[in-house]
Structure formats: C-alpha cells, structure tokens
Amino acid sequence: MLSLLKRYRRPLIVGILLLYPLMAFLLSGRRVRDPNPLDRAVIALSSPVQQALTAAIEGSVAAVRGYLDLRGVRQENDALRLENLQLRAAVQSLGEARTENERLRKLLGYAETAEGPEIPARVVGVNPVAKLLSVRISSGEKDGVFRGMSVVTPDGIVGQVIRATGGYADVALVTDPQSRVAVRVQRSRARGTAAGTGAGPLKLENMLRTEDVENGDLIITAGTDGIYPPGMVVGTVTNLEKKEHGMFQGADIVPAVDTSKLEEVLVVGSPYSAMAPGSTGEGASK
Amino acid sequence: MKFLVTVGLALALLTLESVVVKQAGLVLGRIDVTVVLVAFLALRATLLEGAFSAFAVGYLLDLMSGQPTGLFTFLAVFTFLVGRLVSTFVDVRGAMSFALFAMGADVGHGLLAAFFTWLTVKNGSTSSLLSGLPLQVVLTGAAALALFPLLRRFEAGQDRQVGLLR
C-alpha cells in the first residue's frame, strides 16, 4: 500500500489539487464562505497596493483633466452659483416639508424608522473576474461594515456587501446577473423585482400586467427584500413591454448609478441589514 | 518559474488589472492574466510545481472575485493540466505562438466558467458571460504578448548557470 502511494505520489497530489476545489465548489454551490485567516492575510496584503495604485492613477488622470477643465471654470462657476441659490431655496422648502412630515407622523403615531450609520468609502478596485460584478471598497469590519449591508451613492443604490474583512469589503453590484432587488414604481407604488443582467440596464420582473407602470417612471427600492432600505432610487423604466397575454409585464430599468464609474460610496446599515459579522445577507443575491 | 515568484506575480497582475478595469470602466471585458500565467506554467513548469502554482493562482483569483467558491482554483489546475497535454502536440516558443496558446486556454477557461456558473445559478443569466468572451480572449492574447518577455525573464533569472558559485 505504502509503495503504491509512493509510486503514484505525484498523480495523487495533482488529483487532490484538482478535485478538492471542485468538490468545495459543487458542495457549496453559490454560498459564500466567511473569510479564513489566510484569506484575510492575502486581502490585507493586496488591498493597500490596490488602493495606492488607484490613488496614483486617479491622481494622474485628475491632474490632466484639471488642466483641461480650467478653461471652462469661470462659466461653470457662474452656473454653479446660480444652481446653488436654487438648491438652497429647495432645501429650505424641503426642511419645511420635513418638519410638517414629522409633525404629521407624530399625530398618526408612526414610529420613526431607525436610520443606520452611513459609512463613507472609496472604491479601490474592481473584481478581475467577469463572472461576478463586484468592487472592493476601502471600509471594512473595523469601520462598521458587515456582510449584508447595502451600498449607495446620493444618486441611488450600488449593491450589497458580500464580504468584509479588517479594512476592506467586497460589494456585489446591482448589475450582477445574480442580483435581485425588491422595487416599487414611485408614482403608482406598483411592486416588482429588479434583476441584474450583467451589463447595461436591469430587468423589471414580477410586475403584474395589470399594474400601472409607464416608460420614464422612477423605480425605487421597496425595502421588502431585507437588504435595501425603502425609497432609494434604483433607476428609470424604459422599453416597457405590455403583453396581451401572460401574468407579468416586462421592462428595462436604466440604473441611476453608473456602476462602471464608481468612486465614492456610502455603506448604509438599514434596520433590515445584518449588522453582525458572520451573519448572512444573501437576501438579494443568491 | 518558482512557486513564490508565480504567486507574487499573480498578486501584482491581479491588483493592477483590478485598478485598470476600474479606470477603463470595462463591464464585461476582463483580461485573464491568471490564464496567461497558467498557460506559461503549462509550457515550462514541472508537473508538481505547476499544479501547486496553478492552484495558488486560482485561489488568488477566487479570493479577488469577492465570492470565493473554489471554481477558479479548480479551473486553474484543470487548465494547467490540459495545457500541459496540449503542449506536447504544439510547439510554442515565440511571443505570438504563446499568445495564441494563451487565447486557446482562455476560451476553454471561459467556456468552463460559464458552464459551471450555469450549473449553479438558477435564475441568473449566463449569456452575458459568453457575449463578453470574445473581447476577453482578445484582451488576454494582447496581455500574453506583453507579458511573455517578462515571464521569460523571470524564468531565465532562475536558471542557474553551470559552474556558477562553484
């Protein structure tokens, strides 16, 4: 027996190297395992390099762009000043509306939804595998980022944290083919699901044919998937297909956030998100 | 190439690629730098050294994908073994033939990745993976052309001349 093992030592080792990961993959399916110490060490080693490279390249690009943009800066400044005035007026009126909203909520006995922390982060790199659309951000467990938390920008939702280590976290984008987000049409409150397709627009699924939805409608998160807080912008409806038969109607959703050009994001801990390490947050992506 | 050099190179290339992809805004087109490394290993490394190196390279890719499932570790070792088999039938010496070899390896790697994804993903679309494959293969071929001199230099640096330090 021992001599046999000795004789076939090399093919045996190669067989183990080949079959061990295959078995791990087939047995675990698409379940993501928690990072082990080796994973953490490698991430801790590679992420600062990623961050430094990103900063260096972005710095160079910004310097060139800054020089080119300098010529139009005066006109832009005037336009921004005007826009600032308009926005200040809008903020003031929104403040009034908010105060009124709070007062009415109190009157109706509504409990204020507990807002989670908003943790800012920079995108330091993009996952090099085309199969999964994800990015790495510069905030991790030590900053309060955990798996299952949602990631947003002021324009709309970006994705969901799928793995967090010390100072970094990986975020699966809403455009990933496995991403599913419970959504609502802002105007009519009709509910459906936004599914990632891997590229370009998302697909609007599970929207009943009888529901009121039109091209140009704003799609927001419904908050029922347990991942994304309600009311966050997802995108705009295009290519609406109202079929004569069947249960559902289909449409494309142009995402509000261009996920291929992300720079800064906010990690949001909604009341629905998993806020502890080791907890699973796979509601929106299988 | 020695194991640690391969791992270091894979780590550096993956990190660089991740940053370049972010800057270029490529959504589906990726450069399979790990396949280039595995293809080189298939041509030049011994069975055990190559298998261990391919395993490590695949593990790194799995880790950087954000969702380590073991798929890319398996595919790296498998691609190494198939590449090793194919290399007995073809003569790969120059940069251009190496690029073609790496592109062939990338086609196999990409198709297998799409197949296994299709096996495990119930609702997700895998067609986007295949639609991005031609661009990915071309980019990988270009990367192989660019990396070939570097890989050969690493390899040459480790070949100790006879009589050196005797």
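No salt bridges are found across the interface of chain A and chain B in this predicted model. Polar contacts across the same boundary amount to 2 residue pairs, counted with both partners at pLDDT 80 or more. On the side of chain A that touches chain B, the residues divide into 32 nonpolar, 13 polar and 13 charged. The elements of chain A that each give two or more residues to this side are the helices α2 (9-28) and α3 (37-69), together with the strands β1 (118-126), β2 (134-137), β4 (156-164) and β5 (169-173).

The extent of the interface can be put into numbers as well. The size of an interface is often given as the accessible area lost when the parts come together. For chain A and chain B, the buried area is about 4,800 Å², and carbon and sulfur atoms give 72% of that area. The contact draws 58 residues from chain A and 49 residues from chain B.

Within chain B, helix α3 (residues 47-64) lends itself to a simple geometric check. At 1.5 Å a residue, its 18 residues should span 26 Å, and the end C-alpha atoms of the helix are indeed 26 Å apart, so expectation and model agree. Of the 18 residues of α3(B), 15 are buried, that is, under 20% relative accessible area; the helix is therefore largely enclosed by the rest of the structure. Just after α3(B) comes B:Gly66, which takes a positive phi of about 90°.

A second glycine of chain B, B:Gly94, is found in the loop between α4 (71-87) and α5 (95-120). Its relative accessibility is 33%, so B:Gly94 counts as partly exposed, the class between 20% and 50%. Along the chain, B:Gly94 and B:Pro149 are 55 residues apart, yet their C-alpha atoms are separated by 9.6 Å.

Turning to backbone angles in chain A, two asparagines deserve a look. A:Asn206 has a positive phi of about 55° although it is not a glycine. This residue, A:Asn206, is found in strand β8 (residues 202-208) of chain A, and at 43% relative accessibility A:Asn206 counts as partly exposed. A:Asn239, likewise not a glycine, has a positive phi of about 50°; A:Asn239 lies in strand β10 (residues 233-241) of chain A.

Methods. Residues are numbered from 1 along each chain as its sequence is written. Chains are lettered from A and ligands numbered from 1 in the order in which they are written. This is a predicted model: local features need pLDDT of at least 70, side-chain atom pairs count only at pLDDT 80 or more; totals for chains, interfaces and linings use all residues. Side-chain values use heavy atoms; hydrogens and water are left out. Helices (H or I, at least four residues) and strands (E, at least two) are DSSP runs, numbered from the N terminus. Buried means under 20% relative accessible area, exposed over 50%, partly exposed in between (1.4 Å probe, protein chains only). Contact means heavy atoms within 4.5 Å. Buried area is the accessible area (1.4 Å probe) that two parts lose on being put together, summed over both. A salt bridge is a side-chain nitrogen of Lys or Arg within 4 Å of a carboxyl oxygen of Asp or Glu. A polar contact is a pair of N or O atoms within 3.5 Å; within protein, one must be able to donate a hydrogen and the other to accept it, and residues adjacent in sequence count only if both atoms are side-chain atoms. Ala, Val, Leu, Ile, Met, Phe, Trp, Tyr, Cys and Pro count as nonpolar, Asp, Glu, Lys and Arg as charged, and the others, Gly among them, as polar. The expected span of a helix is 1.5 Å times one less than its number of residues.
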